[in-house]
Amino acid sequence: MDVVISPTPVSAASQAGAKVAEAIANNPRLVLGVATGSSPLGIYEYVRREIEENGLDVSGITCFALDEYVGLPEDHPESYHRVVAATVTEPWGLKPEQVHVPAGNTGNPRQAALDYDQAIKDAGGVDLQIVGIGGNGHIGFNEPGSSLGSRTRVKTLHPRTREDNARFFDGDMNAVPIHCVTQGIGTILDAGSVVMIASGEAKADAIAKMVEGAVSSNCPASALQLHPHVFVYIDDAAAADL
Ligand code: GLP
């Protein structure tokens, strides 16, 4: 694991953004894994500027999102379909067919999960996966206790995650869906490389367990220790427990 500690969240995002932009520049057909949450927004903004100001070509890339809530209409402002559209697809000027998000609002989310795992394989696999980390060490929506070899599947959200994400639902935890479809830890580990971005003291404990703790499903992000090409961009506050 390469851990890069920056003084501020903005500088951590710039370093991670430069890494992602370089990967796109080096491979115009890049398959890019994108994450939701507030942490990667600085990366997306960095890449948007590279597109607008330096002509970075994203016309041939394909994106796969990590996860989606179950039972939220795709046009709900907090559905990850909508969030990815608003933070990646639209600002980068991608065509909708370049961007894939798991189908969480179907009659059969289990089948949708299997189909999504297959779609990633059919695209040749993710070349570079962007991930954030939950305060409890989750990646995607792989909560503590998730199998380290898991594939894309339906999961139940941990109450802490629903509390953390209540801020996107007018502070109402009960409005946060209970289930999700998420790429598995095994699916994430299949990516060619992984860029993690995290900032703030609320992530310090999870970052310390991920980097220095035992590889264990108690901290799903610790599985990244098993991957040979992981780049972790954090600010001083998130690095405080290292
Ligand atoms: C959600 C997403 C994760 C993300 C996490 C952290 O749970 N499913 O992919 O890493 O939020 O979000 P934030 O970056 O806003 O702290």
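Ile 197 has Tyr 233 as its bridge partner in β10, a handy place to start reading this predicted model. That partnership fits into the parallel pairing of strand β9 (residues 193-198) with strand β10 (residues 230-235), which runs over 5 bridges. From here we can move outwards to the whole sheet, then to the core, the second sheet and the ligand.

**The parallel sheet**
- Seen as a whole, the sheet that holds β9 and β10 is open and consists of 7 strands with parallel pairing.
- Reading across, you will meet the strands in the order β1-β10-β9-β6-β2-β3-β5.
- At the edges are β1 (2-6) and β5 (99-100), each of which pairs on one side only.
- Helix α1 lies across four strands of your walk, namely β1, β6 (128-131), β9 and β10.
- The direction of α1 is at about 155° to that of β10.

**The nonpolar core**
- The largest nonpolar core counts 66 residues, and the members touching the most others are Met 196 and Ile 207.
- Helix α1 (residues 9-26) is the top contributor to this core, giving 6 residues.
- Which residues does Met 196 contact, once neighbours within four places in sequence are set aside? They are Val 131, Ile 133, Val 230, Val 232 and Tyr 233.
- Tyr 233 thus turns up in two roles: a contact of Met 196 and the bridge partner of Ile 197.

**The antiparallel sheet**
- There is also an open sheet of 3 strands, ordered β4-β8-β7, and here the pairing is antiparallel.
- Its edges are formed by β4 (67-69) and β7 (153-156), each pairing on one side only.
- On average, neighbouring strands in this sheet are turned by 30° against each other, if direction is ignored.
- Between β4 and strand β8 (residues 179-182), the antiparallel pairing covers 3 bridges.
- For a single pair to look at, take Asp 67, whose bridge partner in β8 is Thr 182.
- Helix α4 (residues 109-122) lies across β7 and β8, and it runs at about 125° to β7.

**Around the ligand**
- How many residues surround the ligand? The shell has 14 of them, and the closest are Ala 35, Gly 37, Ser 38, Ser 39 and Gly 132.
- By residue class, this shell splits into 9 polar, 4 nonpolar and 1 charged.

How values were computed:
Residues numbered from 1 in each chain as written. Predicted model: local features only at pLDDT ≥ 70, side-chain atom pairs only at ≥ 80, totals over all residues. Core = buried A, V, L, I, M, F, W, Y, C linked by C-beta atoms within 7 Å. Buried ≥ 20, exposed ≤ 12 C-beta atoms within 10 Å, placed from the backbone. Helix = DSSP H or I, 4+ residues; strand = E, 2+ residues; numbered from the N terminus. Contact = placed C-beta atoms within 7 Å. Near = placed C-beta within 6 Å. Nonpolar A, V, L, I, M, F, W, Y, C, P; charged D, E, K, R; others polar. Pairing = 2+ DSSP bridges. Axes fitted to C-alpha atoms, helices over the stretch in contact; angles between N-to-C directions.
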